[in-house]
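Visitor: I would love a close look at one hollow part of this model, with the residues around it. Please take me through it slowly, as I would like to follow along on the structure.

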Amino acid sequence: MVKTLQLYRESPYPPENGAERRVWESGKKFAEFGETWVAAPWEGVVPPENTINTLDIGTVWLNSKASRIYLWTLLIAGGVDMLNKILTRKSLHRVKSRNIEPDLVVSECPQLSPAALAIAREFNSPFLINKQNAEFRVVEQFLAGRQIPKPICSRIVNNHRAFEQCMIDQSDAVVFMSDEDCEPFNLSSSIYTVIPNGTNYSEFGTDNGSSEPPNNPELDSSMLSCIFVGSYDYDPNKDAAKRIIQQIAPSCPEIQFLLVGRNPPSTDQPNVLTPGFVDDLGKWLTYADIGLCPLRMGSGTKLKMLDYMAAGLPIVTTPVGVQGLKIIDREMALIRESTTEIIEAIKQLAASEELRNRLGENAQQLGKQYDWSNLLKEYDSLIDQIV
């Protein structure tokens with residue numbers, strides 16, 4: 001029996017973005033090995049799964065994005081360890097106060113990797129990193145094009161990368177989400193594996209999807225619909241949504257664009273609908289005609305892409321969107337770089353039902369490989385190896 005403690009910077013239930021869903025699905029997998037706790041700023045949320053215990057490590061430093069993301073990144077860039085020490089002290093205190101003695105400690109985010117490492121050393125337990133992204137790449141993409149001197153940008157990115165490498169060097173094992181995320185790091189002395197992100201295929205597969213449309217009076221069933229799923233407090237999704245609202249949607253007035261997910265942007269673009277977070281994502285995916293992923297930045301595999309595939313949607317995406325996935329251009333999706341090319345691809349799909357059906361069927365066949373229940377079996381041998 002393995003007692004597992006996972007640490008994450010936000011409450012991962014109910015999952016409202018790809019990272020949160022990965023944390024929660026991993027937690028359910030770890031619960032198969034024994035008692036599992038998810039340490040996060042829970043703020044009174046009680047998940048329904050009685051196999052997973054919650055440990056509240058909430059603090060002002062984790063309760064706002066400004067501190068847990070931007071301030072933390074700036075401090076790492078400056079080589080200041082203050083916030084890491086605060087989060088480590090808080091987390092270790094809460095673990096001891098609950099008399100939790102984990103056999104395995106898992107970091108689900110860089111902000112809590114030092115805390116996870118300290119807890120693992122305290123209890124002489126293995127330290128595992130579930131590496132959601134190569135975070136320094138996300139930072140680098142965020143800084144690109146901003147009016148910040150290049151030497152400062154380079155220092156921020158390099159220090160962030162060095163911090164990630166330091167945590168990897170001190171871990172007992174690392175799980176990456178894609179092969180691309182492994183490449184920038186020195187893994188010569190590390191146990192590591194790639195377990196891609198997944199999807200609830202049985203829930204989103206069209207054979208099992210609901211035939212009832214979502215309950216939203218603003219939906220126009222006379223128009224083809226193009227769906228983009230994401231949490232819009234995440235900068236890559238925010239950038240993509242802006243691209244849709246300002247450039248893509250105005251160029252495709254005959255198509256309704258659905259921006260589904262937490263904290264959607266406000267817009268007066270007439271053919272853009274922003275329902276926000278929805279409990280019945282399967283209905284929205286079944287209703288949509290095209291899956292859209294116009295990301296210009298980000299790393300790791302994108303869960304939205306896997307959900308589109310499971311739902312049998314033809315997809316228009318960028319090279320960023322297909323990272324870590326076995327998607328072939330013109331077979332499962334139309335992969336395009338520029339905004340003009342994306343608009344042309346959407347119009348191409350809108351004009352051809354045959355093309356939509358062919359790409360959608362191929363995507364769904366590929367999507368079967370990414371069912372969570374199959375992918376997460378890879379943890380079985382890894383846990384046996386390090387615990």
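**A pocket, and then a cavity**

Guide: Let's start with the second largest pocket, where two helices, α10 (281-287) and α13 (353-367), each give at least two residues to the lining. Helices here are DSSP runs of H or I with at least four residues, strands are E runs of at least two, and both are numbered from the N terminus. Please keep in mind that this is a predicted model: local features need pLDDT of at least 70 and side-chain atom pairs count only at pLDDT 80 or more, while totals for chains, interfaces and linings use all residues. Residues are numbered from 1 along each chain as its sequence is written, and side-chain values use heavy atoms, without hydrogens and water.

Of the two helices, look at α13 in particular: with 6 residues, α13 provides the largest share of this pocket's lining. The lining has 16 residues in total, and if you centre your view on D289, G312, P314, R356 and N357, you have those closest to the middle of the pocket. A pocket is an open set of points on a 1 Å grid over the protein atoms alone, with protein on both sides within 12 Å along at least five of seven lines, and lining residues have an atom within 4 Å of a point. The second largest pocket holds about 240 Å³ of space, the volume being what probe spheres set on the points fill, with points joined across faces, edges and corners. By character, its lining is made up of 6 nonpolar, 6 polar and 4 charged residues. Here Ala, Val, Leu, Ile, Met, Phe, Trp, Tyr, Cys and Pro are nonpolar, Asp, Glu, Lys and Arg are charged, and the others, Gly among them, are polar.

For a companion view, turn to a closed space. A cavity is a set of grid points where a 1.4 Å probe fits but cannot get out, and the structure has 1 cavity of 30 Å³ or more. The largest cavity encloses about 100 Å³. Its lining counts 15 residues, with C109, P110, S113, I129 and K131 nearest the centre. Strand β5 (127-131) and helix α6 (150-170) are the elements that each give two or more residues. Helix α6 makes the largest contribution to the lining of this cavity, 4 residues. Sorted by class, the cavity lining has 6 nonpolar, 5 polar and 4 charged residues.

To return to your pocket, bring up α13, then pick out R356 and N357 among the residues closest to its centre.
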